[in-house]
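Welcome! Work through the exercises below with the structure open beside you, and try each task before you read its solution.

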Protein chains: 2
Amino acid sequence: MIRHYEKIGLIETAGRTASGYRVYTSNDVHTLQFIRRSRDLGFSVAQIQDLLALWRTRDRSSAEVRAVAVEHIEHLCEKVTQLQEMIATLRDLAERCSDDDRPDCPILQDLAEGRHGECDAPVESRFGVGRVHATPQ
Amino acid sequence: MIRHYEKIGLIETAGRTASGYRVYTSNDVHTLQFIRRSRDLGFSVAQIQDLLALWRTRDRSSAEVRAVAVEHIEHLCEKVTQLQEMIATLRDLAERCSDDDRPDCPILQDLAEGRHGECDAPVESRFGVGRVHATPQ
DNA sequence: CCCAACCATCCAACAATGGGAACGTTCCCA
DNA sequence: TGGGAACGTTCCCATTGTTGGATGGTTGGG
């Protein structure tokens with residue numbers, strides 16, 4: 001991972017011993033810990049790049065940092081919402097499923113027939129079947 | 001995507017016209033819709049493979065289908081839990097952030113110093129700095 | 001019959017990591 | 001003074017699901 005971070009430019013090129021081994025200063029280690037904690041909080045590499053830049057800037061504004069964090073929070077919330085919608089649908093289906101040897105299953109039925117909304121568009125536009133756009137004029 | 005699904009064996013090889021164009025039967029389209037709805041619910045390709053197999057099996061048991069769904073629900077719940085933990089931490093940090101021009105920012109401070117628990121292990125074992133295991137005996 | 005819109009294939013990239021092969025280095029311990 | 005295990009290095013491939021480009025063949029309406 002660290003070598004990867006070095007390659008993509010997230011951290012600066014580490015020093016080397018005479019034999020080619022990488023040498024990390026305590027500063028490097030500190031930066032890596034910063035990165036790890038950022039990743040633990042779900043920040044993307046791009047965002048970490050921003051955060052690191054701000055971290056290294058003496059006269060940064062905390063508002064800038066907060067903006068990155070707030071944007072990330074919103075992104076995470078969106079993901080949670082999506083996941084909870086999936087969970088709700090699946091819970092509903094699983095609850096209506098007899099959970100025995102019978103072959104009729106509301107879960108498969110739903111997947112096959114799709115009554116949960118997102119699939120109202122005609123097949124043609126959803127899968128590009130057939131010639132969609134005629135030559136104009 | 002569809003060509004990709006064909007390549008990885010999620011769907012069977014589509015028929016071809018004389019000139020090599022793929023031809024999809026309404027059955028194929030139905031299967032693809034099944035797949036899309038499964039993906040909308042967050043199922044992985046591997047799980048969809050299972051679901052498709054069950055779908056095509058006449059004397060399947062709905063318990064089998066339910067098992068796939070329930071396992072998936074648990075997986076989704078885990079993800080939600082993780083995301084919510086991140087959100088809680090970030091919300092707390094953002095709240096304590098002054099959101100102005102001052103350079104002292106609790107968010108960066110936390111990322112740099114890490115007081116939220118997961119980082120108690122010494123640097124050596126977390127990043128492989130130094131020789132961890134001596135030759136035994 | 002031309003040309004835009006469509007198909008085909010192959011290849012590369014994304015984000016972040018994991019893993020292995022093949023090979024050089026360090027250093028404890030016998 | 002070795003031997004050998006535990007390191008390190010580089011390069012490459014796999015993952016997961018999707019998107020995109022490049023290049024070239026096919027279709028079909030105007």
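A polar contact is a pair of N or O atoms within 3.5 Å; within protein, one of the two must be able to donate a hydrogen and the other to accept it. Keep in mind as you work that this model is predicted.

**Exercise 1. Describe the makeup of chain A.**

Task: Find how many helices and strands chain A has, and the order in which they come.

Solution:
- Step 1. Begin with the count: chain A holds 6 helices and 2 strands.
- Step 2. Now walk along the sequence, and the pattern reads α-β-β-α-α-α-α-α.
- Step 3. Turn to burial. Of the 137 residues in chain A, 37% are buried.
- Step 4. Look at the surface as well. Chain A has an accessible surface of about 8,600 Å², and carbon and sulfur atoms account for 48% of that.
- Step 5. Finish with the contacts inside the chain. Taking those between residues at least 6 apart in sequence, 29% link residues at least 24 apart.

**Exercise 2. Describe the contact between the two chains.**

Task: Work out how many residues each chain gives to the contact, and how much area is buried there.

Solution:
- Step 1. Count the residues on each side: chain A gives 62 residues and chain B gives 63 residues.
- Step 2. Add the area. The two chains bury about 5,600 Å² between them, and 72% of this lies on carbon and sulfur atoms.
- Step 3. Apply the polar contact rule: 20 residue pairs are in polar contact between chain B and chain A, with both residues at pLDDT 80 or more.
- Step 4. Ask which elements of chain B take part. Those that give two or more residues to the side touching chain A are α2 (26–40), α3 (45–56), α4 (62–95), α5 (106–113) and α6 (123–127).
- Step 5. Pick out the main contributor: α4(B) supplies the largest share of that side, 21 residues.
- Step 6. Sort the residues on this side of chain B by type, and you get 32 nonpolar, 12 polar and 19 charged.

**Exercise 3. Follow the salt bridges between the chains.**

Task: Find which residues form the salt bridges across the interface, and where those residues lie.

Solution:
- Step 1. Set the scene with two counts. The rule gives 8 salt bridges over all chains, and 2 salt bridges across the interface of chain B and chain A.
- Step 2. Take one pair: the side chains of B:Asp99 and A:Arg66 form a salt bridge, at 3.5 Å from N to O. This pair crosses between chains, with B:Asp99 in the loop between α4 and α5 of chain B and A:Arg66 in helix α4 of chain A.
- Step 3. Check how covered these partners are. B:Asp99 has a relative accessible area of 39% and is partly exposed, and A:Arg66, at 23%, is partly exposed too.
- Step 4. Now take another pair: B:Arg66 and A:Asp99 form a salt bridge whose closest N and O atoms are 3.5 Å apart. B:Arg66 sits in helix α4 of chain B and A:Asp99 in the loop between α4 and α5 of chain A, so this pair joins two chains.
- Step 5. Repeat the cover check. B:Arg66 is partly exposed at 22% relative accessibility, and A:Asp99 is partly exposed at 40%.

**Exercise 4. Look at the backbone of Asp99.**

Task: What is notable about phi of A:Asp99 and of B:Asp99?

Solution:
- Step 1. Read the angle in chain A: phi of A:Asp99 is near 60°, which is a positive value in a residue other than glycine.
- Step 2. Read the angle in chain B: phi of B:Asp99 is also near 60°, again positive in a residue other than glycine.
- Step 3. Stay in chain A for one more salt bridge. The side chains of A:Asp100 and A:Arg102 meet at 2.8 Å, N to O. A:Asp100 is partly exposed at 23%, and A:Arg102 is partly exposed at 46%.

**Exercise 5. Explore a covered helix.**

Task: Is helix α5 of chain A mostly covered or mostly uncovered, and what covers its buried residues?

Solution:
- Step 1. Use the cut-off: a residue is buried when its relative accessible area is under 20%.
- Step 2. Count with it. In α5(A), residues 106–113, 6 of the 8 residues are buried, and the helix is mostly covered.
- Step 3. Name the buried ones: A:Pro106, A:Ile107, A:Leu108, A:Asp110, A:Leu111 and A:Ala112.
- Step 4. Look around them. The cover includes α4 (62–95) of chain A together with α2, α3 and α4 of chain B.

Key
Residues are numbered from 1 along each chain as its sequence is written. Chains are lettered from A and ligands numbered from 1 in the order in which they are written. This is a predicted model: local features need pLDDT of at least 70, side-chain atom pairs count only at pLDDT 80 or more; totals for chains, interfaces and linings use all residues. Side-chain values use heavy atoms; hydrogens and water are left out. Contact means heavy atoms within 4.5 Å. Buried area is the accessible area (1.4 Å probe) that two parts lose on being put together, summed over both. A salt bridge is a side-chain nitrogen of Lys or Arg within 4 Å of a carboxyl oxygen of Asp or Glu. A polar contact is a pair of N or O atoms within 3.5 Å; within protein, one must be able to donate a hydrogen and the other to accept it, and residues adjacent in sequence count only if both atoms are side-chain atoms. Helices (H or I, at least four residues) and strands (E, at least two) are DSSP runs, numbered from the N terminus. Ala, Val, Leu, Ile, Met, Phe, Trp, Tyr, Cys and Pro count as nonpolar, Asp, Glu, Lys and Arg as charged, and the others, Gly among them, as polar. Buried means under 20% relative accessible area, exposed over 50%, partly exposed in between (1.4 Å probe, protein chains only). Accessible areas come from the Shrake-Rupley method with a 1.4 Å probe; for residues, only the protein chains shown count as cover.
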